[in-house]
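Colleague: Could you take me through one part of this model closely, namely the aromatic pairs, and explain how each ring is placed?

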Amino acid sequence: MICGSLIAGMTSEGGGAVAFPVMTLALSITPAVARDFSLMIQSCGMAAASFTIFWMQIKLEKHSLMFCSVGALGGMVFGLEVVDGTLTPHEKKLGFVCIWFSFAFALFLLNREHKRKTVDEIQKFGVWQAMVLIVMGFLGGIFSAVAGSGVDICSFSVLTLLFRVSEKVATPTSIVLMAINATVGFYWRQMMTDTGVEEDAWGYLIVCVPVVVIFAH
């Protein structure tokens, strides 16, 4: 989790993007436990990184923060209550790989333009831009409900590729979005479902929290 927390603090990826594949593919832990742990640990680590972002007054894309959050909240609840139960463990692993591949492809497209013009916020913000952010937030919320991360990837991709927002603004915006989404997911899993968070996830959380909170800064 040292690696995961460093990635969470430096990039638009949450620590769950490292925790989920390592736990499911390398350690053969069930996707449900890995998902719950990813949400729990990001609600701590990404929240710590978000505190640093606000403390240092780093610029954020406020439209994305607002509208993606609205969509992500709905997507998280829908994903946990409806989508998650319809997928097998293997389908969840495959879904996570697809999300990662999409993000890698987005970065590839982004890095092809070495001198592209970027802005610090979405230009001429209107209804269609708001709808795009809500929809992407909703999809990201579903991904987060299944694999523990996703809204950060969706937010970063749409901001940089569609709206040409600078990575220096899109990255901290995605971090704060994932902190909010992970906290909501953790709360919903523990308080609003019959089973609550998987028992094994609590043990992993206790071990990793001190490391993640420090290195995510």
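Modeller: What follows is a look at two of the aromatic pairs, with a short note on a patch at the surface.

The model is a predicted one, and the count of aromatic pairs in it comes to 6. One of them is formed by Phe37 and Tyr204, whose rings lie 6.1 Å centre to centre with 80° between the planes, an edge-to-face arrangement. This pair links distant parts of the chain, since Phe37 belongs to helix 3 (residues 31-55) and Tyr204 to helix 9 (residues 199-215), 167 residues apart. Phe37 has a relative accessible area of 2% and is therefore buried, whereas Tyr204, at 31% relative accessibility, counts as partly exposed.

A second pair, Phe51 with Trp55, is stacked, because the ring centres are 6.0 Å apart and the planes stand at 25°, and the cut-off for stacking is under 30 degrees. Phe51 and Trp55 are 4 residues apart in helix 3, which means that about one helical turn separates them. An α-helix has 3.6 residues a turn, so residues three or four places apart point the same way. Both Phe51 and Trp55 are exposed.

Turning to the surface, Phe78, Val82, Val135, Phe138, Leu139 and Phe143 form a nonpolar patch there, with about 460 Å² of accessible area together. Helix 4 (62-83) and helix 6 (127-147) are the elements that each give two or more residues to this patch, and helix 6 gives the most, with 4 residues. Val82, which lies in helix 4, is partly exposed, with a relative accessible area of 42%.

Technical notes:
Residues numbered from 1 in each chain as written. Predicted model: local features only at pLDDT ≥ 70, side-chain atom pairs only at ≥ 80, totals over all residues. Heavy atoms only, no water. Patch = residues over 30% accessible without salt bridge, like charges linked within 9 Å, V, L, I, M, F, W, Y side chains within 5 Å. Areas by Shrake-Rupley, 256 points an atom, 1.4 Å probe, with all protein chains shown as cover. Salt bridge = Lys/Arg side-chain N within 4 Å of Asp/Glu carboxyl O. Buried < 20%, exposed > 50% of the residue type's maximum accessible area, 1.4 Å probe, protein only. Phe/Tyr/Trp six-rings, centres within 6.5 Å; stacked < 30°, edge-to-face > 60°.
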